[in-house]
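I opened this notebook to record what I looked up in one structure, beginning with the whole chain and ending with single residues.

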Amino acid sequence: MARVTVEDCIDKVDNRFELVLLASHRARQISQGGQITIPRDNDKNPVVALREIADETLSPGDLKEDLIHSLQKHVEVDEPEPDPGRFIPTGDAAVEEPAAEDDQPEAVSFGSMSEEDLLAGIEGLVPPEKSDDY
């Protein structure tokens, strides 16, 4: 690390702590097979990451976005919201409010499913994919 110091990078990333986070994230990317944008010169991954930041071959903003994305466990998906006049919140669940008399939904009854229907429904379920987090 003698050739690359924090002072070379601090004008690119203002906060030293953020610089450490970005450089360590980039070093992990390199160790996982990410392409480097500068000659290696027999340097280790953290030094290569700092040199990439110092030489501005990678944007600190892009690195920050990539770091945030890699730390997210649940990605929020924008779904259309239901019509606010149709649902009335009651406790933990929302109950549907009928809009008109001829627009009445069918009454839901529990325990009326036959064993065959239940087994057919269970067989149609797809198990969730396994991830490395478990």
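Before counting anything, I fixed the term I needed: two residues are in contact when heavy atoms of theirs lie within 4.5 Å. I also kept in mind that this is a predicted model.

**Entry 1, contacts and overall layout.** I looked up how the contacts are spread along the sequence, and found that, among contacts in the protein with a separation of 6 or more, 41% join residues 24 or more positions apart. I then read off the secondary structure, which consists of five helices and two strands, arranged along the sequence as α-α-α-α-β-β-α.

**Entry 2, burial and surface.** I checked the accessibility of the chain and noted that 19% of the 134 residues count as buried. The protein exposes about 11,300 Å², and carbon and sulfur atoms supply 53% of that area.

**Entry 3, the core.** Which residues of the largest nonpolar core touch the most other members? The core has 13 residues, and the ones I was after are Cys9, Leu19, Leu22 and Ile53. Helices α2 (16-31), α3 (45-54) and α4 (60-71) are the elements that give two or more residues to this core. I recalled, as background, that nonpolar side chains tend to be buried together in soluble globular proteins. I followed Leu19 further and, leaving aside neighbours within four places in sequence, I found Leu19 in contact with Val6, Cys9, Val13, Leu50 and Ile53.

**Entry 4, two residues of α3.** I turned to Asn45, which is found in helix α3, and saw that the side chain of Asn45 makes a polar contact with the side chain of Arg40 at 3.1 Å. Not counting residues up to four places away in sequence, Asn45 touches Ala27, Ile30, Ser31 and Arg40. Pro46 also lies in helix α3, and I noted that Pro46 and Val20, although 26 residues apart in sequence, are 9.6 Å apart in space from C-alpha to C-alpha. Pro46 has a relative accessible area of 40% and is therefore partly exposed, since that class falls between under 20% for buried and over 50% for exposed.

**Entry 5, a surface patch.** Finally I looked for nonpolar side chains on the surface, and found a patch formed by Met113, Leu118, Leu119, Ile122 and Leu125, with about 520 Å² of accessible area together. Is Ile122 buried or partly exposed? Ile122, which lies in helix α5 (residues 115-123), has 48% relative accessibility and so counts as partly exposed.

Terms used:
Residues are numbered from 1 along each chain as its sequence is written. This is a predicted model: local features need pLDDT of at least 70, side-chain atom pairs count only at pLDDT 80 or more; totals for chains, interfaces and linings use all residues. Side-chain values use heavy atoms; hydrogens and water are left out. Buried means under 20% relative accessible area, exposed over 50%, partly exposed in between (1.4 Å probe, protein chains only). Accessible areas come from the Shrake-Rupley method with a 1.4 Å probe; for residues, only the protein chains shown count as cover. A nonpolar core is a set of buried Ala, Val, Leu, Ile, Met, Phe, Trp, Tyr and Cys residues joined through side-chain atoms within 4.5 Å. A polar contact is a pair of N or O atoms within 3.5 Å; within protein, one must be able to donate a hydrogen and the other to accept it, and residues adjacent in sequence count only if both atoms are side-chain atoms. Patches are made of residues with over 30% relative accessible area and no salt bridge: like charges are joined within 9 Å, nonpolar side chains (Val, Leu, Ile, Met, Phe, Trp, Tyr) within 5 Å. A salt bridge is a side-chain nitrogen of Lys or Arg within 4 Å of a carboxyl oxygen of Asp or Glu.
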